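Here's a quick walk through how the strands in this model pair up. Have the sequence and the 3D view handy as you read.

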Amino acid sequence: QVQLVESGGGFVQAGGSLRLSCAASGRTFSSYAMGWFRQAPGKEREFVAGITWSADSTYYADSVKGRFTISRDNAKNTVYLQMNSLKPEDTAVYSCAAQGNPFTGFPGTTTYGYTYWGQGTQVTVSS
């Protein structure tokens with residue numbers, strides 16, 4: 001079993017920054033690709049960013065490219081999402097997710113590629 005716990009969400013004004021953290025426990029974290037997704041009220045959950053198990057590749061949604069950065073610290077079993085230049089449209093519940101199979105390629109940008117999910121953390125950006 002894998003547990004993922006997000007933190008770092010909050011309320012920020014447009015143009016501000018937040019750093020989200022996702023702490024993993026229950027298995028060898030460093031062997032699995034990770035992703036961040038978000039869901040705004042009334043909308044489908046959407047991919048935000050992903051990182052391979054080796055951290056040699058990262059992936060971003062077009063809407064956040066150049067503003068958000070995903071990274072991981074395998075020694076701390078934690079993946080991060082640094083969010084800069086935040087916009088009101090970034091308001092959503094942000095969740096981290098872990099791939100189900102170790103040492104495999106990037107699982108993609110849909111929820112089907114991920115097996116384990118955190119509960120999410122709310123990010124609210126005011127205009």
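## Strand pairing

Phenylalanine 37 sits across from serine 95, a residue of strand 9. Keep in mind that this is a predicted model. That contact belongs to the pairing of strand 4 (residues 34–39) with strand 9, an antiparallel match held by 6 bridges.

Strand 9 is a good place to hang around for a bit. How many of its 8 residues are buried? The count is 7, so strand 9 (residues 92–99) is mostly covered, where buried means under 20% relative accessible area. Strand 9 also pairs with strand 11 (residues 121–126) in the antiparallel sense, and there alanine 92 faces valine 123. Strand 10 (residues 114–117) is another antiparallel partner of strand 9, with glutamine 99 placed opposite tyrosine 114.

Here are the bridge counts for these pairings and for one from another part of the model:

| Strand pair | Bridges | Direction |
|---|---|---|
| Strand 4 and strand 9 | 6 bridges | antiparallel |
| Strand 9 and strand 11 | 3 bridges | antiparallel |
| Strand 9 and strand 10 | 3 bridges | antiparallel |
| Strand 1 and strand 3 | 5 bridges | antiparallel |

Now for the open sheet. Its 4 strands come in the order 1-3-8-7, with antiparallel pairing. Strand 1 (3–7) and strand 7 (68–73) are the edges, each pairing on one side only. On average, neighbouring strands of this sheet are turned by 15 degrees against each other, direction ignored.

Within the sheet, strand 1 meets strand 3 (residues 18–25) through 5 bridges. To find a spot there, look for glutamate 6, whose bridge partner in strand 3 is cysteine 22.

Conventions
Residues are numbered from 1 along each chain as its sequence is written. This is a predicted model: local features need pLDDT of at least 70, side-chain atom pairs count only at pLDDT 80 or more; totals for chains, interfaces and linings use all residues. Side-chain values use heavy atoms; hydrogens and water are left out. Two strands pair if DSSP finds at least two bridges between them. Helices (H or I, at least four residues) and strands (E, at least two) are DSSP runs, numbered from the N terminus. Axes are lines fitted to C-alpha atoms, for helices over the stretch in contact, and angles run from 0 to 180 degrees between N-to-C directions. Buried means under 20% relative accessible area, exposed over 50%, partly exposed in between (1.4 Å probe, protein chains only).
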